[in-house]
Amino acid sequence: MADKIEQREVGVKYPDLVLFGPPGCGKETQGNILIEKFGYVRISTGNICREHVKAQTPLGLVAQEYMYAGELVPDKIIIQMFQEEFKKIPGDASPLIDGFPRTEDQRQLFHEMMTKEGRDYEVVALTANTEDEEKALVERLVERAKTSGRTDDADPDVIRNRLKVYNEKTGVVLDRWKAENKNIHKHSAIGEILGISEWIQKEVVEKYSQRVKDVLDQEIS
Ligand code: ADP
């Protein structure tokens, strides 16, 4: 623990973060603010998939079939893509992981990778639990489709399927984390962008930095 904190104190002042939540919950928007403010390095598996599709790589050719249907890309493929990107993160940078893990197998692999690297991480979950909140997400995505040019945003049926897949396959990842006593920072995805980002900053980033500082102070005294 002490080694890790010393190492992080030199170059890294912020926690590694997983931004978790259903499509349209604002992971990308919140991520942009955190990157701007704290210099996080983003790994977005959605973006990685889109790059592979654009370049028509062998992985992209398989992934696109699933993406256009609003389904999850198979674990074997997405894990390979994620591992390649993860390797590129400098040791002293704080990663901001967006869109991964989305299944229990991904979660276990992710946890192992982080542990192996001596990295702890905080999970921020932006939630939409009521019918009204889900409706608001679909509206956001339909609106986003007008400018994003994302093929998987263009069809409301595909959007609804992505939410269904999230509820059936991805939500369970949070339950598993909780069962393992992982502390999850939850906030409704419906709210002012700046209000939510201030909450992430205060509740997650600053509290983490304070905890690191307290441990260091204790070690010195
Ligand atoms: P959204 O959060 O709006 O669904 P993303 O950009 O995160 O958008 O993901 C777009 C698509 O990329 C997903 O619908 C899925 O097909 C694929 N994808 C992204 N991340 C994963 C993942 N961790 N596991 C499986 N498929 C993924």
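**Entry 1: V138**

I first looked up how exposed V138 is: V138 counts as partly exposed because it has 17 C-beta neighbours inside 10 Å. The cut-offs I used are these: a residue is buried if 20 or more other C-beta atoms lie within 10 Å of its own, exposed if 12 or fewer, and partly exposed in between, with C-beta atoms placed from the backbone. I note that this is a predicted model, in which local features need pLDDT of at least 70 and side-chain atom pairs count only at pLDDT 80 or more, while totals for chains, interfaces and linings use all residues. Residues are numbered from 1 along each chain as its sequence is written.

I located V138 in helix α7, residues 131-148. Helices (H or I, at least four residues) and strands (E, at least two) are DSSP runs, numbered from the N terminus. Leaving aside neighbours within four places in sequence, I found V138 in contact with P156, I159, R160 and L163. Contact here requires that the C-beta atoms of two residues, placed from the backbone, lie within 7 Å. I also checked V138 against A125: the two are 13 residues apart in sequence, and their C-alpha atoms are 18 Å apart in space.

**Entry 2: The whole chain**

I listed nine helices and five strands in the chain. Their order along the sequence is α-β-α-β-α-α-α-β-α-β-α-α-β-α. The chain is as compact as a globular protein of 221 residues, because its radius of gyration is 18 Å, close to the 17 Å of the globule rule. The radius is taken over C-alpha atoms, and the rule is 2.2 Å times the number of residues to the power 0.38. I recorded a C-alpha trace that spans about 60 × 40 × 35 Å along its principal axes. Of the 221 residues, 31% count as buried. Among contacts with a separation of 6 or more, 77% join residues 24 or more positions apart.

**Entry 3: Strands**

I turned next to strand β1, residues 17-20, and found both faces covered: L17 and L19 are buried on one side, V18 and F20 on the other. β1 pairs in the parallel sense with β3 (residues 95-98) over three bridges. Two strands pair if DSSP finds at least two bridges between them. L17 has L96 as its bridge partner in β3, and L19 stands opposite D98 there. β1 is also parallel to β4 (residues 122-127), with four bridges; in β4, V124 is the partner of L19.

Both faces of β3 are covered as well, with P95 and I97 buried on one side and L96 and D98 on the other. β2 (residues 41-44) runs parallel to β3 and is joined to it by four bridges, and S44 of β2 has D98 as its partner.

**Entry 4: The core**

I looked up the largest nonpolar core and found 37 residues, with L17, V18, L19, I97 and V124 making the most contacts inside it. Such a core is a set of buried Ala, Val, Leu, Ile, Met, Phe, Trp, Tyr and Cys residues joined through C-beta atoms within 7 Å. Beyond its neighbours within four places in sequence, L17 is in contact with Y40, L96, I97, Y121, E122 and V124.

**Entry 5: Around the ligand**

Of the 17 residues around the ligand, I noted P23, T45, G46, L72 and G99 as the nearest; a residue is near if its C-beta atom, placed from the backbone, lies within 6 Å. Two elements, α3 (45-54) and α4 (58-69), give two or more residues to this shell. The largest share, three residues, comes from α3.
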